[in-house]
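Hello,

I am passing a structure on to you, with a few notes on what turned up in it. Have a look at it first, and then read on below.

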Amino acid sequence: MANPKPEELVQIEYQPAPRDWMDPSVEFRKGTFCYSALAKNLNYLGLPNPREWQPLDKDWKLPPNWKQIVLDGMKERLEKYRSFRLFMDICVRCGACADKCHFYIGSGDPKNMPVMRAELIRSVYRRYFTAAGRLLGPLAGARDLTEDVIKEWFYYFYQCTECRRCSVFCPYGIDTAEITMIGRELLNLIGCNINWVLEPAANCFRTGNHLGVQPHGFKDSVDFAVDELEELTGIRVDASINRKGAEVLFIVPSADYFGTPHYYTFLGYLALFHEIGLDYTFSAFASEGGNFGLFNSHEMIKRLNAKVYAEARRLGVKWILGGECGHMWRVLHQYMDTMNGPADFLEVPVSPVTGTRFENARSTKMVHICEFTADLIHSGKLRLDPSRNDRWNVTFHDSCNPARAMGLLEEPRYILRNVCNRFHEMPENTIREQTFCCGSGSGLGTDENFEMRMRGGLPRANAVKYVRDKHGVNLLACICAIDKATLPPLLEYWVPGVEVAGVHELVGNALIMRGQKERTTDLRGEPLAEMEAAHA
Ligand code: SF4
Ligand code: SF4
């Protein structure tokens with residue numbers, strides 16, 4: 001079946017069909033759901049109930065005691081996570097979150113309202129864990145746990161990108177992303193997972209990265225980038241791997257060295273580190289900062305992330321620097337030090353160039369590349385020629401996790417304003433804490449899910465369209481590997497003519513390197529607007 005055209009998809013019906021919200025039946029329509037995880041991936045990760053099944057099957061082959069497994073899992077999590085019990089109890093159904101989810105805006109499906117998404121699990125909580133629900137049943141908003149409810153959970157918890165936009169608007173601070181995470185954990189217990197999450201997780205567990213690139217493949221990729229950067233700049237940089245005693249361990253999402261446009265960002269990092277003489281190393285075993293465990297379970301986050309501190313310890317570095325990625329930073333910023341730490345064998349990061357002590361990384365010992373670069377620029381340590389980016393008219397997409405999960409709002413903007421001459425913000429209610437998701441995060445960026453991705457990405461694309469039409473914006477900069485993979489098809493679909501780039505691609509373009517040859521192209525190999533003999 002061909003994908004729907006934009007003019008069809010934009011016809012959104014916001015008037016819901018007259019149907020009781022308690023009815024759990026779901027129509028699994030092609031283009032709006034993700035395929036189930038292959039049994040081999042569950043087996044590899046040691047996850048329960050591996051089997052071959054698909055969401056379109058009538059019989060999902062659930063284990064015989066599936067209901068008890070889910071209720072026991074729910075009880076365990078209600079006891080373990082105070083936030084989960086609180087989020088089950090305190091919603092007053094004020095509706096402030098109702099129209100804040102990009103999936104609701106793009107689909108018009110009322111069960112994509114955050115309050116309703118949470119209610120899918122809350123109704124089961126009431127039925128089995130509250131006196132009112134046990135006694136009054138549906139009158140108290142309680143529902144029995146049935147196979148249809150499991151199917152409904154699967155459909156809607158995999159139509160939430162865990163972006164947390166809704167939580168910004170909730171007067172009680174209810175975080176529907178965390179409810180979705182618990183929902184996915186419960187599904188996980190009965191073997192209902194999606195392959196786009198578990199295959200990268202299995203790869204990561206085996207080789208250290210989502211793509212399954214082995215250490216020699218990782219080295220080939222880095223060597224290739226070093227050669228290419230030499231062709232572009234005339235400078236051969238040293239990018240060491242597994243070098244013991246380096247000051248800094250640098251960790252990137254694997255897409256940075258394997259996909260485009262991510263790869264140009266990778267070239268930007270290499271150029272920057274050479275120019276400032278940073279004593280750093282990559283690790284061929286921690287060759288992935290991203291962590292698809294975040295989209296599966298707390299346990300999986302911990303397992304996949306353990307390699308970061310393990311490699312820092314093995315290599316004897318002082319601190320860790322991390323590249324442009326979204327969910328990677330949510331894990332590193334919010335979970336890593338308590339899950340895998342304490343990292344007391346590392347030092348509080350200090351920039352060897354500026355002397356700045358990153359107190360915000362006192363516990364994790366890990367600094368975001370945008371914090372690091374913004375500090376270099378602020379301290380006057382870089383020579384920059386923003387005119388090298390003059391073919392771009394730039395806007396910035398706040399990737400959900402760096403923006404909402406770690407508050408990284410100003411640093412990327414500060415960098416962009418220093419490396420580009422033309423920069424325009426999208427409307428205020430679509431950026432910073434209120435940023436709209438790309439629509440494909442949390443493992444939903446699959447081709448089979450194309451229609452739902454385009455629907456979920458509509459609000460983001462709409463804001464890009466606004467600045468394209470008003471200011472002639474032709475480049476969307478971002479700092480997330482998933483964004484760099486999923487925004488290009490989204491923009492091609494809704495806003496043709498706008499490309500996507502990482503912030504450090506633009507830094508690499510503008511950077512004037514000592515000893516460089518006359519630069520005639522940018523990092524994409526495209527001719528520069530002006531020759532720059534003056535800087536040679
Ligand atoms: S904004 Fe918060 S309290 Fe209001 S309906 Fe949404 S989740 Fe419930
Ligand atoms: S976390 Fe994001 S995707 Fe999930 S319900 Fe809230 S706004 Fe929607």
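The shell around ligand 2 is made up of six nonpolar, three polar and three charged residues. This is a predicted model, so please read everything here in that light. Cys101, His102, Pro114 and Arg117 are among the residues around ligand 2. Further along the chain come Cys160, Thr161, Glu162, Cys163, Arg164 and Cys166, and then Thr176 and Ala177. Two helices each give at least two residues to this shell: helix 6, spanning 114-129, and helix 10, spanning 176-189.

Ligand 1 has its own set of neighbours. The shell there divides into 10 nonpolar residues, one polar and one charged. A run of residues around ligand 1 consists of Cys91, Val92, Arg93, Cys94, Gly95, Ala96 and Cys97. Val115, Cys170, Pro171, Tyr172 and Ile174 are also around this ligand.

Next, the pocket. The largest pocket has a volume of about 650 Å³, and 28 residues line it. Which of them lie nearest its centre? They are Arg19, Gly108, Asp109, Pro110 and Tyr156. By type, the lining splits into 11 nonpolar, eight polar and nine charged residues. Helix 8 (147-157) and helix 20 (450-471) each supply at least two residues of the lining, and helix 20 gives the most, with three residues.

There is also a sheet that you may like to look at. It is an open sheet of three strands in the order 5-6-7, and the pairing is parallel. Strand 5 (394-396) and strand 7 (499-502) are at the edges with a single partner strand each, so one side of each has no neighbour in the sheet. From one strand to the next, the twist averages 35 degrees. As a general reminder, strands of a sheet pair through backbone hydrogen bonds, in either a parallel or an antiparallel way.

Strand 6, residues 475-478, pairs with strand 7 in the parallel sense over four bridges. If you want a spot to zoom in on, Ala477 stands opposite Ala501 in strand 7. What lies across strand 5, strand 6 and strand 7? Helix 22, residues 503-510, does, and this helix runs at about 75 degrees to strand 7.

Happy browsing, and do write back with any questions.

Best wishes

Technical notes
Residues are numbered from 1 along each chain as its sequence is written. Chains are lettered from A and ligands numbered from 1 in the order in which they are written. This is a predicted model: local features need pLDDT of at least 70, side-chain atom pairs count only at pLDDT 80 or more; totals for chains, interfaces and linings use all residues. Side-chain values use heavy atoms; hydrogens and water are left out. A residue is near a molecule or strand if one of its heavy atoms lies within 4 Å of it. Ala, Val, Leu, Ile, Met, Phe, Trp, Tyr, Cys and Pro count as nonpolar, Asp, Glu, Lys and Arg as charged, and the others, Gly among them, as polar. Two strands pair if DSSP finds at least two bridges between them. Axes are lines fitted to C-alpha atoms, for helices over the stretch in contact, and angles run from 0 to 180 degrees between N-to-C directions. Contact means heavy atoms within 4.5 Å. On a 1 Å grid over the protein atoms alone, a cavity is a set of points where a 1.4 Å probe fits but cannot get out, and a pocket is an open set with protein on both sides within 12 Å along at least five of seven lines; lining residues have an atom within 4 Å of a point. Grid points are joined across faces, edges and corners, and a volume is the space filled by probe spheres set on the points.
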